[in-house]
Amino acid sequence: QYSPDSVAGADGELDPTEVTFPGCSCRSSSCAAAECPCLSRGHNCSSPRLGLPEQHEQPFSRPVFECNSLCCCGEGCQNRLVQRGLQLRLQVFRTQRKGWGVRALEPVPRGSFVCEYAGEVLGFAEAQRRIQAQSPQEPNYIIAVREHLHDGRVMETFVDPTRIGNVGRFLNHSCEPNLFMVPVRVDSMVPKLALFAAADISAGEELSYDYSGRFHNSPGASREHKPLEEENSLRKPCYCGSRTCASFLPWDSSLFSTP
């Protein structure tokens with residue numbers, strides 16, 4: 001079932017459509033960083049690009065908040081980008097070795113918003129149950145996104161587009177990707193998993209991101225451990241073909257282990 005936005009999962013633990021953030025009272029057609037509380041919380045998605053600092057400039061990146069449905073600013077506000085959804089011409093196509101993939105049908109400038117990775121938003125228990133119910137031969141679309149806060153806490157978001165999802169579910173992994181993922185919050189603390197161009201992308205080029213979360217992130221942010229030799233038989237091979245290919249797709253042991 002195609003859905004451009006994430007929906008509440010069958011466990012009903014989290015509802016991404018629930019509005020819990022207050023709106024700004026800006027009366028201008030487009031909010032200014034100095035006055036708008038949404039923009040002052042963190043980085044903004046200044047249309048049509050994302051203005052994030054290079055990772056080496058600071059140990060942590062600030063969160064990204066867009067203006068929401070309760071804000072007084074207009075629909076044309078520059079701080080409404082990801083919520084507008086897909087604006088580019090993309091194509092799902094059959095790759096030679098990787099099953100389905102997605103390519104751009106037009107040039108995509110670096111920093112541009114490409115698409116969201118949308119699906120059912122699950123709690124940890126349901127995400128773990130679904131993964132453990134899969135056979136090794138089945139494709140796994142469940143993504144676990146962990147945001148490491150400055151005080152040591154970790155915020156987890158699990159999205160499963162297996163049954164309900166959007167074009168993002170067809171994006172392949174690459175060890176040298178041209179997209180990177182950023183959690184963007186609009187109406188609540190449940191983020192939209194937004195994918196942005198990490199470089200200028202040519203028309204016809206396949207789109208990919210690093211499933212492990214290492215790309216464009218602090219070293220060690222991934223929970224992926226070095227798998228045991230016997231675990232390699234359960235892992236899926238990587239066919240990205242990059243110079244730094246790790247041979248296997250990323251592996252998150254926490255969702256596969258039993259308590």
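How many bridges join strand β10 to β11, and in which sense do the two strands run? In this predicted model, strand β10, which spans residues 179–185, is joined to β11 by 6 bridges, and the two run antiparallel. They form a hairpin, with 6 residues lying between them. One position that can be located by eye is M181, which stands opposite L195 in β11.

L195 is also a useful marker for a second pairing, because in β11 the bridge partner of C115 is L195 as well, and the definition of paired strands asks for at least two bridges. That requirement is met here, since strand β5, residues 113–116, pairs with β11 over 3 bridges in the antiparallel sense.

The surroundings of β11 can then be followed residue by residue. On one side of the strand K192, A194 and F196 are buried, and on the other side L193, L195 and A197 are buried too, so that both faces are covered, where buried means under 20% relative accessible area. Strand β11, residues 192–197, is largely enclosed by the rest of the structure because 6 of its 6 residues are buried.

From this strand the reader can turn to the nonpolar interior. The largest nonpolar core contains 23 residues, and within it L90, V114 and L207 are those with the most contacts. Several strands each supply at least two residues of this core, namely β4 (100–104), β5, β7, β10, β11 and β12 (206–209). The largest share, 3 residues, comes from β11. To see the setting of L90, one may set aside its neighbours within four places in sequence; L90 is then in contact with V102, R103, A104, L105, V114, C115, V167 and L207. Among these contacts of L90 are V114 and L207, which are listed with L90 itself as the residues with the most contacts inside the core.

A further part of the fold is an open sheet of 4 strands in the order β1-β6-β8-β7, in which the pairing is mixed. Its edge strands are β1 (7–8) and β7 (143–148), each of which pairs on one side only. Strand β1 is joined by 2 bridges to strand β6, residues 120–122, and these two run parallel; the bridge partner of V7 in β6 is E120. Helix α2, residues 124–133, packs on the sheet and touches both β6 and β8 (154–160), with its direction making about 110° with that of β6. The edge strand β7 also links this sheet to the account of the core given above, as β7 is one of the strands supplying at least two core residues.

Methods
Residues are numbered from 1 along each chain as its sequence is written. This is a predicted model: local features need pLDDT of at least 70, side-chain atom pairs count only at pLDDT 80 or more; totals for chains, interfaces and linings use all residues. Side-chain values use heavy atoms; hydrogens and water are left out. Buried means under 20% relative accessible area, exposed over 50%, partly exposed in between (1.4 Å probe, protein chains only). Contact means heavy atoms within 4.5 Å. Axes are lines fitted to C-alpha atoms, for helices over the stretch in contact, and angles run from 0 to 180 degrees between N-to-C directions. A nonpolar core is a set of buried Ala, Val, Leu, Ile, Met, Phe, Trp, Tyr and Cys residues joined through side-chain atoms within 4.5 Å.
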